[in-house]
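Me: I would like to go through some of the labels attached to this model and ask, for each one, what justifies it.

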Amino acid sequence: MDIETYSLILSALLFAIGTAGVLLRRNAIIMFMCIELMLNAVNLTLVVFSRSLGIEAQVFVFFVMAVAAAEAAVGLAIIIAIFRHYELVDVDRFNLLKW
Amino acid sequence: MVNLLESVLRVVQHAESGYHPVLPGLILLLPLAGFVINGLGAFLWRDSKRIPGIVGPAAIIGAFGIVVANFLAMRGAFPHDPAVVSLWTWMAVGDLSIGVDLQFDQLSILMMLIVTGVSSVIHVYSIGYMREDPGYSRYFSYLNLFVFFMLILVMGANFPIVFVGWEGVGLCSYLLIGFWYENREFASAGKKAFIVNRIGDFGFLVAMFLIFTHFGTLDFVEVFAAAPETLVYAGGVVTLITLLLFLGATGKSAQIPLYVWLPDAMAGPTPVSALIHAATMVTAGVYLVARSGVLFAMAPVSQAVVAAIGAGTALFAATIATQQYDIKKVLAYSTVSQLGYMFLAVGIGAFTAGVFHLMTHAFFKALLFLGSGAVIHAMHHALHQVHRDDDPNDMRNHGGLKNMMPITWATMWIGTVAIAGIFPFAGFFSKDEIIWYTGTYGYVVLWVVSLLAAVLTAAYMTRLMVLTFHGENRTGADAKPHLKEVPAVMWVPLAILAVLSVVGGWIQIPEALPGLPAVDALHHWLEPVMEPARHVMTEHGFHKAYEAPLGGGEATWAIISTVVALIVVILTFRALVHRRYSPAAESEAPTGFAGILYNKWYVDELYDRVIIRPLLALWRGCWRIVDAGLIDGTLDAMASGTRMVGWVGSLLQSGRVAGYMFWFVTGVVIILALLLL
Amino acid sequence: MIVDFFFVLFAVMAVGGAAAMVLARNPVASLLYLVMSFFALSGIFILLDAHFIAAVNVIVYAGAILVLFLFVIMLLNLGPSKRPDLRGTMYRMLGIAAAGAVFGLLLITLRDGHTTSMAGGMGQATMDAMLQSRGAVGVIAEPMFRSYLVPFEITSLLLLVAIVGAIVLARRRAP
Amino acid sequence: MDNFFESHWVLSLLIILPLAGSVACLAAREELARHVAFGTSVIAFLISLPLFWTFRSGTAAIQNYVSVPWIEAWGIGYTVGIDGISLLMVLLTTFVTPLAILGSYTYIQRNQRAYYAMLLLLLAAMIGVFVALDLFLFFLFWEIMLIPMYFIIGVWGGKRRIYAAVKFFLFTAIGSLLMLVAILVMVYLYYRQFGIITFAYNDLVQLPIARDLQFVLFAAFALAFAIKVPLFPVHTWLPDAHVEAPTAGSVILAGVLLKMGTYGFLRFALPFFSHAATSPAVIGTVMVLSLIGIIYGAWVAAVQPDAKKLVAYTSIAHLGFVMMGLFALTTQGIQGGILQMVNHGISTGALFLLIGMVYERRHTRMIEDFGGIAKVMPVFAASFLLVALSSIGLPGTNGFIGEFLILIGTFQKYPVVAFIAATGVIFAAAYMLPMVQRMLYGEIDREENRALSDITLRERVVLAPALIMIVLIGVYPQPFLSRTAASVDALIDQVELRAVAAPVVAGASDLRFDRMPILGADE
């Protein structure tokens, strides 16, 4: 097996760890960080495939980062807004997403 | 196909029959024009009495004139085949082709004569009778429309056109029964007549379908010509066709079991009862059977049914008539009974005898109805003068009217004697012929029944005369001075009909009667029309016995029957004339057997319990249980079910991010698994 | 050989950092573990000849975005949580099972042996030649400013919207 | 303008004109909208009227045919044309709509612009349905029609209007979705067989479909049309929709919309799936359902306290007759059915107009709230009586011709069915006459009714054309019958031919949707 395959296994592992983190932690910020980890795991996949399928894949890494940045900005803003109100970042304590 | 304009303006050349119909279109157009003018008048010149009073009768008398001209033309040519005038194509679809065709043959001319003749008289009578009614114009428009449809009925050259007239007269009957529509009961009676008639019309319709299926045409000429070859004698098809046609006839001609509408139909103005519910429309069933004589002749089972129902109705209705107090109800049941005689005649195959009785009955029953109308008219005026609202129809409020209304009294006695079948009045000849044929064709039971009914007829008619005209006056002292004879415009028609009720029978005098010239005018006249049916019957072994069941010749029985009738009249008269009756308001309803007869054997109640109420309950059930309950219930359940599923689904939406995350990941895993495994 | 060594090193660091991030109690510690994991990832990017991405990952991701997280943690003054931040046993089992399932399923994609190796692709030589001729930035700039120019520009719009949104959301409302 | 009415574009004009009028209504001043709408609909009627004479009745060929490619990649075209059947339907539509609009002049008080715009949009869609000869186009118009009707009921309707509108919408939409699926399947099958993607009617009608598959597709089409007709037991939306809809809505609903169901059977379901449609199972089912409609509709109508609901149930009975005639597949049956569609449109439309007129005066539709109004409203009473008689099917009115032909046509093939259906003539009298009697006759027992004014000149103008047509068709139906004759004969021939020619079993790959070129990779 070559480095690409190992990289993909690594990517899958990181993605799974990120998933586990999102599911296990209550702290909203840490959940966010786990999502960032998952995004980066995907970036790794893209980079691996850029080697075989074309350099354009790396452009998508760039876009993923832009989206991650935007998401982090908005998400953190929401966390701040909620924190101001409840003094909490524990997602289990908000249930505002219910109609 | 004849140019429409030509049919209205000229004599139509008809090469095949040698007889040329005179202005055939105009016969129909005149009553129709009368309807249109008077109908518009009902809205435009509502208060005018003159225009409808002229237009209405004039249209009918004009039509009568043309019919007479046609009669004379036909008498000259005496064609063997009918002359058919096609006006336009009504429906031509595939192999079905129905034209607006008029048939001129001996039977239709005779019927047209009766219809327009009696109508003319009654229209004139109506000028006086309806003078004070606010719906004068409307009345004449309906009446003209009725004549129009009645003429279509008797002139139609195919079943559908006859059906147009058939339903059209039903419509006019409906409108005229409910003429005083502000009275809910009267309007109800009209509705009842229409619906009961529709049951009969259903039979007519299906009969037409059967005929078309087997003959491929609905034209009289072709159907009757092809019938002996196309259908099997006494086969199921021809029996079914004729029974269905007869179902139609029972509806229109008020026979058991569909007679119930006719007594109620007396709610209409009395001239209407005379014209529609005695002289013309109700005889349409008889006409239909006579017209389809070939078919009936081929179906002995149907013939027996027709004859049995006819005789049964004759007796049944006569029993009810003996205990009625409403003068018009007596006449109504009498009409049902006499119609029974006609069906008995056509049922046993004596088609000409049936038509003969149809004709004489039109004269004397119209006379009797108009006479009763005169009585009611006088009573109504007298009661109106003293502001009492007693029932002017109830004979218990009459009595002794012969002094006040001598002309009415005299003419009505003529009618009574005629219907009782006493020599030499019209009814004697026609009824005698029917009873005689019944006996000689071997229908012993029906023969006895018809004799019994004849006795009852004499009795109830005498009772009517006694109650109304003889004895003491029971109208009340205050109203009595206001009772007076009706004006000339009303009694002249009575006189005309009285004359016809006497001489009307003389066109057909049996040769067996001693000392009289034998006249066979009607048989001779109708021979071309009835010949095929007679031919079928003789071919299959129907022969007169020339002897009544108990022995004796035609002359013997004619004498016996007239003597018996005379005796019944005299006995009834003597029995009743001294009896004291109290006015309607003070009398009690009869009890015992008389009560059953008075309540018409409770047939209306029976129908109400057994048919109408269960049906209505069923219909309500359909609506409430099936429609609202079952179907909408199922739908609502489905809607609620959807809502339930939504509610259960909404439980997943806990608002907790962790839950959402978990489901999300689960979904991803499932999708991945599906894609990869 | 040396590549393998570094790969193992970086992979262990990345996985270890990620796991430590999930398990750490203190959010600041979590964050720093994540930064470590990202640095290790950048190393792997370099091993995969994605020099520009590696740089951007360090500068933008680890350097800017994660620092933003740090700011927020500081701002909210989140210390080590007093009660266990991890969920209960039930959820823990489910979560690990789900993550395991994801991992397993992702591994299955490799089973088919898709042409991830350079052999089936452009080849190491082509890659080297490209890097040689256009430089690490040039190889990305070429598609980004030609084929993907419009998406690239739209990205700026996305960021603008995010900025506005963040300001609106996080703004202290007037009492 | 020489041969304009024989030209190709007259039908398109008939669709575009109401659309333009619809926009004009929205743009017009509130109080002018109704005049714009009425004017537009009258012009549409005047444009369509000459078609009756320019139509060549000896041939079954499609006339005024236009076909323009529209979405070429999917073989969708703007294809319109008329034969004798659609000619009468188009004329019925353009005839009824102006009456409905004029009938709402005073009834509609709020949002007039939107209301009249909706009516005109509806007019365009209805004409579109009847002239479309491309299944995509047909489906488009079919669905467009739903929207204005939904709003007409839901916005300008009575008390339970939302319930009725939603019920109407859901019923119809469910049916038409299944039809859409069936249309797509047909297009796919055609592609499999001939390698061309097409929605054109003339192409699809040639498509041989395996016998077992025909039943499935027929069921999908039939459900959509049966709901529209409506056949028992999917009829319950109709009484609610009729009762709640404003007068014009009821008139158009009864007058035209219901005919789309029967028209659909005639135009699509029968020729497409001839084998299924002529199989004993299907004929038997349709006959039984039609009979239930005739008898049951009449029964339920007879006990309705609400005049409008009563008339709604009579529609079920009348349309039952139509369905029976169509599926008898005899010349008389189908021609009678088509004529009965026209008759029902005129008569029932007029009945709804009449009930709307008294409703405007008394704000009640309950029969028992009236009584004796013949005295104060004689012209109304006379009109009502004539229309009621037409509904009963009295000879001399249009109703008789249709029922007679249907029954005689059915009787030749299915005597027992026709026999039972003929009892409907009895029940017809049993539901209509009591209503006539209770509303018009008797004494005026309610003070409010004493001051009722007879119908106005405008209302007379609304009713007069309908009354004239009732008598005209009753006395001289031949011009109407002769225009449909050739088309009907051709249809029957086609159905009989295709019923025999249908392949017995499906090809192995006939129903693999993943091979659908639109959905997956072309092989």
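Me: Before the labels themselves, in which strand does Asn64(D) lie?

Reply: The model is a predicted one, and in it Asn64(D) belongs to strand β1 of chain D, which covers residues 63–71.

Me: Why is Asn64(D) called buried or exposed, whichever applies?

Reply: Asn64(D) has 24 other C-beta atoms within 10 Å, and a residue counts as buried once 20 or more are found there, so Asn64(D) is buried.

Me: What makes the phi angle of Asn64(D) worth a remark?

Reply: Phi of Asn64(D) is near 55 degrees, which is a positive value in a residue other than glycine.

Me: Where is His387(B) found, and how do you know whether His387(B) is buried or exposed?

Reply: His387(B) sits in the loop between α16 and α17 of chain B, and here too phi is near 55 degrees, a positive value in a residue that is not glycine. The count of other C-beta atoms within 10 Å of His387(B) is 8, and because the exposed class takes in residues with 12 or fewer, His387(B) is exposed.

Me: What makes the peptide bond from Phe423(B) to Pro424(B) cis, and which bond joins Val229(D) and Pro230(D)?

Reply: For the bond from Phe423(B) to Pro424(B), omega is near 0 degrees, and the bond is cis; Pro424(B) lies in the loop between α17 (406–420) and α18 (426–440) of chain B. Val229(D) and Pro230(D) are likewise joined by a cis peptide bond, with omega about -5 degrees, and Pro230(D) is located in the loop between α9 (211–228) and α10 (237–244) of chain D.

Me: How do you know whether chain A matches a compact globule in its radius of gyration?

Reply: For 99 residues a compact globule would have a radius of gyration near 13 Å, whereas chain A has 17 Å, and the C-alpha trace of chain A spans about 50 × 25 × 25 Å along its principal axes. Chain A holds three helices and zero strands, in the order α-α-α from the N terminus, and buried residues make up 62% of its 99 residues.

Me: Which chains share the most contacts, and how do you know that chain A and chain D do not touch?

Reply: Among the four pairs of chains in contact, chains A and C share the most contacts. For chain A and chain D, the nearest C-alpha atoms are 23 Å apart, and the two chains do not touch; chain C and chain D are not joined by any contact either, their closest C-alpha atoms lying 22 Å apart.

Me: What makes up the side of chain A that touches chain C?

Reply: The contact takes 62 residues from chain A and 71 residues from chain C. On the side of chain A that touches chain C, α1 (3–24), α2 (28–53) and α3 (56–86) each supply at least two residues, with α3(A) giving the most, at 21 residues. The residues of that side of chain A divide into 45 nonpolar, ten polar and seven charged.

Me: Which residues touch the most other members of the largest nonpolar core?

Reply: That core has 454 residues, and Phe146(B), Leu151(B), Ala366(B), Phe221(D) and Ala269(D) touch the most other members. Helix α16 of chain B, residues 351–385, gives the most to this core, with 20 residues. A second, separate core of 81 residues includes Ala16(A), Val22(C), Phe45(C) and Ile140(C).

Methods. Residues are numbered from 1 along each chain as its sequence is written. Chains are lettered from A and ligands numbered from 1 in the order in which they are written. This is a predicted model: local features need pLDDT of at least 70, side-chain atom pairs count only at pLDDT 80 or more; totals for chains, interfaces and linings use all residues. Two residues are in contact if their C-beta atoms, placed from the backbone, lie within 7 Å. Helices (H or I, at least four residues) and strands (E, at least two) are DSSP runs, numbered from the N terminus. Ala, Val, Leu, Ile, Met, Phe, Trp, Tyr, Cys and Pro count as nonpolar, Asp, Glu, Lys and Arg as charged, and the others, Gly among them, as polar. A nonpolar core is a set of buried Ala, Val, Leu, Ile, Met, Phe, Trp, Tyr and Cys residues joined through C-beta atoms within 7 Å. The radius of gyration is taken over C-alpha atoms; the globule rule is 2.2 Å times the number of residues to the power 0.38.
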